[in-house]
Structure formats: structure tokens, C-alpha cells
Amino acid sequence: MLQNVIGGLQGLVDHMMVGHYVGYAGNAAIGVSWQIFLVVQVFIGSLFTGMGVLVARFAGADEPDKVNRSVYQAFLTALVVAVGILAPTGYLLAPTLLALVNATPAVSGEALPYIRTMFVFNFGMMVFFMLGGALRSAGDARTPLRLGIWLTVLNVTLSAILIRGLGPIPSFGTLGAAMGTVMSGATLALVAAFKLFGGTWVIHIHRGMSWRPDFGVIRELFRFGLPAGIQGVAMNIGGVILLRFIGSLPSSAEAQAAYSVGYTQLFSLVTWTSVGLMGATAAVAGQNLGAGKPERTVQGVHAASKISVAVAGGVGLLFLLLPGLLLGVFGMDDPTVAAFGVQLLAFLGVSGVFVAVALAYTGGLQGTGDTRGPLYISLISQLGLPLALCWIFQETVGLQAHHIWLAILIGHITRCLLSMIRFRQGAWRRIEVRI
């Protein structure tokens, strides 16, 4: 949880500085770029989800060699997919992808260099997230926290210099935020790789192990991870289409800026902690199932959901009581943008509680290897239902911003209820790893 909160400060600082030095078009550019980029990133992240299932299960069963082998094979596969396929494809398709979200010319001009930089050079950040997930699944949550602190400090420092400029270094504006992100990620990935080969971590890559692709392990990575990847892609495609609906509003740039700050940044105060708890729950669930203690898996999920509700409830009160102050931190002083933002935060103040509980139960499902259940749930609650509601509003009463915010809330409530039902069915108790 702490690592996610500290790591999330990177995006907050980028949005704050871009909002003040570039304007709301820069905020909208970062928001739409991240929404598009996440469609690709979560697919690679699916390998890490599969890796987390294997690592937690083998750690619980006290099989360290299989833990190390799973991590190395995940790294090898992610390298081929990210650098060999997704980087060049993303660079070439970036203009088309921006056109899909109805970005205005001003927003597209800021977003294109940003998103191309992220597509081509962000593998270092992915390595950092992979190692962090592997260490947590193996039981070491403190090392990723320390690395995350250094990453955040380095990222904030570089972004502060590159966005506004310093001395002979020119101001890169919105592009500077992307440059700071990829440079800090690459630096930390090199440091983490050195430590990984040094033998001081709970996970150790050494010369005596096989360096060849192990298709048995890779098959299991995709068996457990691919449904999570499709889930993430579907959710982010839903986000891209939501941005397209927002782009059809009369004040589209202002609405997209409010969405980028309110949903992708301020709402992260809920998702940072909830995703952290989801990862912790997945590790506890997988380790205990591997150790033959499924009842402790259930206890872990219940404990995580209670903590999530407490955190999300506190953040929700801030959204309801201090929306103007929170938006002002990002330079949201345009009256139209501020009005959209206050309205959105009112919906998100309620929505956060349901998202928090849903993620706790998702962690329990994914950690035990049930990655298909969350996929089906996301297709219904994060893709089909909200987009159908937006379309119905558009075709009947005329789409307004508050209709989109309402569709998001209803989708989150549905995801929460379905996740709880799926976990309580107990099919995860019978999932086996075949290596």
C-alpha cells in the first residue's frame, strides 16, 4: 500500500506541473495517453499476474528453484513481447489511437510525443513492476517499497527539471513528464537487475540455472495471466471508449481534463491503496493455498476488504467535502473544468468504496489462480454495462457529463457484487499448477 501511494505521487506531480506550466490541454494529453498506453501495458502485466500466481504457490510449497525459474521466464517473455512487438506497433499507431478518443488538435499535439516516448522506452518501468510483484509474491514486500521510494524521488526530480526546464536544459513541457518517467524507470531497472543477480534477494537468478525458454513455465504464465491481461485490456478499452463519449460532449477538452485529473489522478488515492491490498491479498491467498491452508485465504480476503472500505471511505469524504481544493492543486481554475471536476468527484466519493471491496476479492481470486472469473466480471461491469448506459443516454435524452459519471458508478457497484459472489462460490480451491 505504501509503495503504491508513494509511486502514485509521480503521476500527481506530473499533472500538477503540466497543469501549471502547460495548461489543461496538457492534463488532458497525459490522461488520454495513459488510458491508451495502459491498454498495452496491462497486456504485458498479465504475464506478471501469471508469474505472481506461480511464485506465491511455489513459495507456499517451499520450492525456491521453481520460484526463480518462473521469474526468469516471465522476464524473458515480457522482453520479447514489449521490445519486439508492442514498442514499434505502438509508435506507428499512436496518431490513430489518439483519433479514437476524439482528442482535440491541441490535446493531440501535446499527447503524441508523450505517448510515443512511453511506448518505445518504458520497458525499464515494466521490469521494475515485474520484480516488485515477484518479490511481494515471494513474501518480501519491503524491498519493492525501498525501490519504489528511490524511483519516485528520481522521477519527481527529473520531471521537475524536464517539464519546466533548468539552466541549459530547455523546457520540454508535457513531453518532459514522459522523459522523466522512462529515464527513472530504466535507471531503477538496472539497479534491480544487478541486485537480482547478486543473490541477496529472496529471488535469485544465477548462472547455474537454464537460460533457455522453458515453454512449460511460459504456458502456465499465459494460462493464469492471459485472462488477467484480457481483463485489463477490456477495462482500458472501456476507458478509451468512455473518453470517446466524453469527447463528444460540447466542452470536450474541459471534460477530458476533469476526467484525467479526477478519475486517473485523484481517484488513485483509492486505487493506490486498494491495488496494494489486492497484491497483498493475492500473495497471501496463493501462498496459503500452496501450503494447503485455504481457510487462511478466506481470512486474508475478508481482512483486506475491511481495510479497503476504511481507506476508501476516508478518501470519499475528502472528495465530497473539499473538491475545489483538490482540483485547485492541479491548476484546474477554468470554471467549466472545475464544474465538471466537482461533479465527477461527488460520484467517485461513493464509487470508491465499491471499487475497494471489488479489488480485495479480485486479489483473492487471482492469487489462487482464478483469473477467468475477474475477466468475465470486468467484461460485464467495466465494459458492457457502462458503455451501454452511455449509448442509451446518448440516444434518448442526450448525453451529458453526469450520465457518464453515473455509468461509471453503476459499473463499480456491479463489479463489487459479482466479485464477492464469485469468490464465495469457492471454485478457486480446486485450481492446480501444472509444472
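Helix 3 (residues 64-100) packs against helix 4 (residues 105-121) at an angle of about 165°, their axes 8 Å apart. Axes here are lines fitted to C-alpha atoms, for helices over the stretch in contact, with angles from 0 to 180 degrees between N-to-C directions. The two helices are therefore roughly antiparallel to each other; angles over 145 degrees count as roughly antiparallel, under 35 as roughly parallel, 65 to 115 as roughly perpendicular and the rest as oblique. Helix 3 passes helix 4 in a right-handed crossing, meaning the near helix is turned clockwise from the far one by less than a right angle, where anticlockwise would be left-handed.

On the helix 3 side the contact includes Leu-86, Ala-87, Gly-90 and Tyr-91, and on the helix 4 side Ile-115, Arg-116 and Phe-119 are among the residues involved. Contact means heavy atoms within 4.5 Å. Sorted by type, the residues of this contact come out as twelve nonpolar, two polar and one charged. For that count, Ala, Val, Leu, Ile, Met, Phe, Trp, Tyr, Cys and Pro are nonpolar, Asp, Glu, Lys and Arg are charged, and the others, Gly among them, are polar.

A word on what you're looking at: this is a predicted model, where local features need pLDDT of at least 70, side-chain atom pairs count only at pLDDT 80 or more, and totals for chains, interfaces and linings use all residues. Residues are numbered from 1 along each chain as its sequence is written, and side-chain values use heavy atoms, with hydrogens and water left out. The pLDDT is the predictor's confidence in each residue, from 0 to 100. Its mean over the protein chain is 86, with 98% of residues at 70 or more. Helix 1 (residues 2-21) has the lowest confidence, at a mean of 73, and helix 15 (residues 401-425) the highest, at 95. Helices are DSSP runs (H or I, at least four residues), numbered from the N terminus.

Helix 3 has another partner in helix 8 (residues 215-247), at an angle of about 25° and with the axes 13 Å apart. That makes helix 3 roughly parallel to helix 8, and this crossing is right-handed. Among the residues that meet are Arg-69, Ser-70 and Gln-73 in helix 3 and Val-217, Phe-222 and Arg-244 in helix 8. The contact divides into seven nonpolar, three polar and two charged residues.

Just ahead of helix 3, Asp-62 sits in the loop that follows helix 2 (24-60). Its phi is near 60°, a positive value in a residue other than glycine.

Here is how four individual residues compare in accessibility (buried is under 20% relative accessible area, exposed over 50%, partly exposed in between, with a 1.4 Å probe and protein chains only).

| Residue | Relative accessibility | Class |
|---|---|---|
| Trp-428 | 1% | buried |
| Thr-297 | 1% | buried |
| Leu-379 | 34% | partly exposed |
| Asp-62 | 66% | exposed |

Trp-428 belongs to the segment after helix 15. Leaving out residues up to four places away in sequence, Trp-428 touches Leu-289, Pro-294, Thr-297, Val-298, Leu-365, Thr-368, Asp-370 and Phe-423. Thr-297 itself is part of helix 11 (residues 294-321), and its contacts beyond four places in sequence include Val-284, Asn-288, Phe-423 and Trp-428.

Leu-379 is found in helix 14 (residues 372-396). Its C-alpha is 7.0 Å from that of Gln-231, although the two are 148 residues apart along the chain. Outside its neighbours up to four places away, Leu-379 touches Ala-234 and Gly-384.
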